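These are my notes on the model you sent me, set out as numbered points. I have kept to the aromatic pairs and to one strand with its neighbours.

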Amino acid sequence: MSNKKEFTGAQKMICQILDPGSFMEIGEAVTARLTDFYTPDTQDKPSDGVITGYGTIDGQLVYIFSQDVEVLGGTYGEMHGQKINRLYQLAMKAKAPIIGLLDCHGFRIEEGLDSLDKFARLYALQAQASDLIPQIMAVVGMCGGGMSIAANMADFVFVEKEHGQLFVNSASSIDRSFDEIVDQADFTDASMSFDEIKDSIRTLVHTLIPANTERKPRQKPCNDDLNRLCPNLAGLSGDGRAILKEISDNGFFFETRRDCGEDMVTGFIMLDGIVIGAIANQKSKSGMRRISAEGFDKAATFIELCDKFSFPILTLTDTEGFDTSEEQEIYLPKAAGRMIRALTKAKAPKVNLITGEIYGSAYSIMNSKGLGADYVFMWDGAKVNLINAKQAVEILYPQADSTMIEQRIADYEKSHSGARALARHDYVDKVIDPADSRKYLVGAFETFANLY
């Protein structure tokens with residue numbers, strides 16, 4: 001691209017994301033086809049409102065498009081759609097990631113059904129691409145209607161916090177206040193500044209995600225001590241996010257969907273330079289340690305992503321069970337079932353670390369051996385309970401006096417709930433001191449080195 005050319009805002013954003021001087025624009029002379037509702041003056045607009053091309057991020061090839069709100073009001077037309085669709089076809093042929101910067105003010109009415117046809121073809125291409133290449137979308141302006149669906153078909157979705165708007169129906173078509181029912185956090189990875197979006201995209205491409213699903217996850221050089229002790233780890237019980245950061249190489253943690261499903265944390269860590277997909281139970285701000293339907297759904301989505309790109313999976317289990325709120329009754333079983341299917345179908349190595357006190361069938365769902373975990377480790381102070389030990393004793397010994405009940409509770413915890421009890425039944429491979437967690441997890445994942 002010539003330095004003399006005056007860049008639009010769409011072009012400037014592309015150049016900020018890519019390596020300097022690497023962007024090659026394609027289709028820059030494309031304009032809208034003349035229709036009964038266009039005059040030659042309104043038709044002849046550069047690039048038909050979307051900049052498309054390819055470039056590099058840290059030397060890695062990517063394809064990228066940026067919708068240009070400065071042209072024809074940022075509307076989606078036939079040739080506009082054809083340019084994006086061709087870019088998808090090229091990205092799949094080259095087996096390289098595709099990045100979209102979305103700022104679309106709806107369909108171009110002048111072009112009628114032609115734009116709708118190109119949109120249907122975009123959906124089909126996105127569906128095909130989902131099995132082959134990473135798709136990353138950043139909502140930098142308006143993104144409503146059908147384009148919001150296209151955004152959410154991507155693997156990662158970021159929203160620019162000042163100008164990004166992601167919605168299905170416009171505010172005028174909804175009875176209630178728009179802000180009451182639309183929470184962008186429910187279906188995006190994060191709301192952040194454009195500089196943060198730029199850094200996140202670059203981190204995904206050059207550090208985390210392989211160029212396509214046929215490549216194995218990357219391994220970076222590791223300068224952190226593989227046997228490093230984490231002496232403060234036990235004090236972080238309940239805070240899955242903090243534990244993941246502590247055990248990861250140099251504290252690295254790339255969190256996904258960070259603003260939704262607060263009872264579950266998902267993201268990428270590194271162990272000996274290997275990218276690991278991590279899911280952890282998280283104590284809520286109110287102190288509750290229960291899993292919601294949203295949390296299960298968030299975890300399932302992330303596990304499916306990890307399976308697609310062959311990332312090993314780590315789970316940190318510490319939960320009192322299911323959220324007992326009335327509204328959870330409808331959605332929680334289905335969401336939990338989705339997570340079960342995702343975990344059991346995942347072919348990558350799976351390791352579980354039990355870090356707290358767990359109750360009920362939530363233990364089974366959170367990557368237990370029965371569900372297919374390859375290795376399970378358990379902190380020496382952690383517990384797994386079918387029900388509360390006191391309740392169990394009261395059911396088993398209804399005639400026992402208070403002194404006997406206390407003794408029976410201790411016996412029940414030792415034989416049924418404690419870490420040693422689970423290890424005796426082969427539900428846990430090793431009971432460990434919390435401070436040793438990093439070295440055991442590194443060792444477990446390294447047993448699968450021949451897969452990568």
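1. In this predicted model, Tyr440 has a relative accessibility of 26% and therefore counts as partly exposed, the class that begins where the 20% limit for buried residues ends. Phe377, by contrast, has a relative accessibility of 6%, so that residue counts as buried.

2. There are nine aromatic pairs in the model under the rule applied here. Among them is the one between Tyr54 and Tyr63, a tilted pair with 5.8 Å from centre to centre and 55° between the planes. Tyr63, with a relative accessible area of 9%, is buried, whereas Tyr54, at 34%, is partly exposed.

3. The rings of Phe377 and Tyr440 also form a pair, and because their planes stand at 35°, with the centres 6.0 Å apart, this pair is tilted; the tilted class takes in angles that are neither under 30 degrees nor over 60. What does the pair tie together? Phe377 belongs to strand 17 (residues 375-379) and Tyr440 to helix 15 (residues 437-446), so the contact ties together parts that lie 63 residues apart in sequence.

4. A further group of rings deserves mention in the same context: Phe268, Phe302, Phe309 and Phe311 are linked into a cluster by ring pairs.

5. Turning to strand 6 (residues 156-160), I would ask how many of its residues are buried. Five of the five are, so the strand is largely enclosed by the rest of the structure. The side chains are divided between two directions, with Phe156, Phe158 and Glu160 pointing one way and Val157 and Val159 the other, and all of these residues are buried. Glu160 is thus buried along with Phe156 and Phe158, which point the same way from the strand.

6. Strand 6 is paired with strand 5 (residues 135-143), the two running parallel and being joined by four bridges; within this pairing, Ala138 stands opposite Phe158. Between these two strands the chain passes through helix 5 (residues 146-152), and the resulting β-α-β crossover is right-handed.

7. Strand 6 is also paired with strand 8 (residues 190-192), again in the parallel sense, in this case over three bridges. Here Val159 of strand 6 stands opposite Ser191 of strand 8. Strand 6 therefore has parallel pairings with both strand 5 and strand 8, and its five residues are buried under the 20% cut-off.

Methods: Residues numbered from 1 in each chain as written. Predicted model: local features only at pLDDT ≥ 70, side-chain atom pairs only at ≥ 80, totals over all residues. Heavy atoms only, no water. Phe/Tyr/Trp six-rings, centres within 6.5 Å; stacked < 30°, edge-to-face > 60°. Buried < 20%, exposed > 50% of the residue type's maximum accessible area, 1.4 Å probe, protein only. Pairing = 2+ DSSP bridges. Right-handed = clockwise from strand over helix to strand, strands pointing away.
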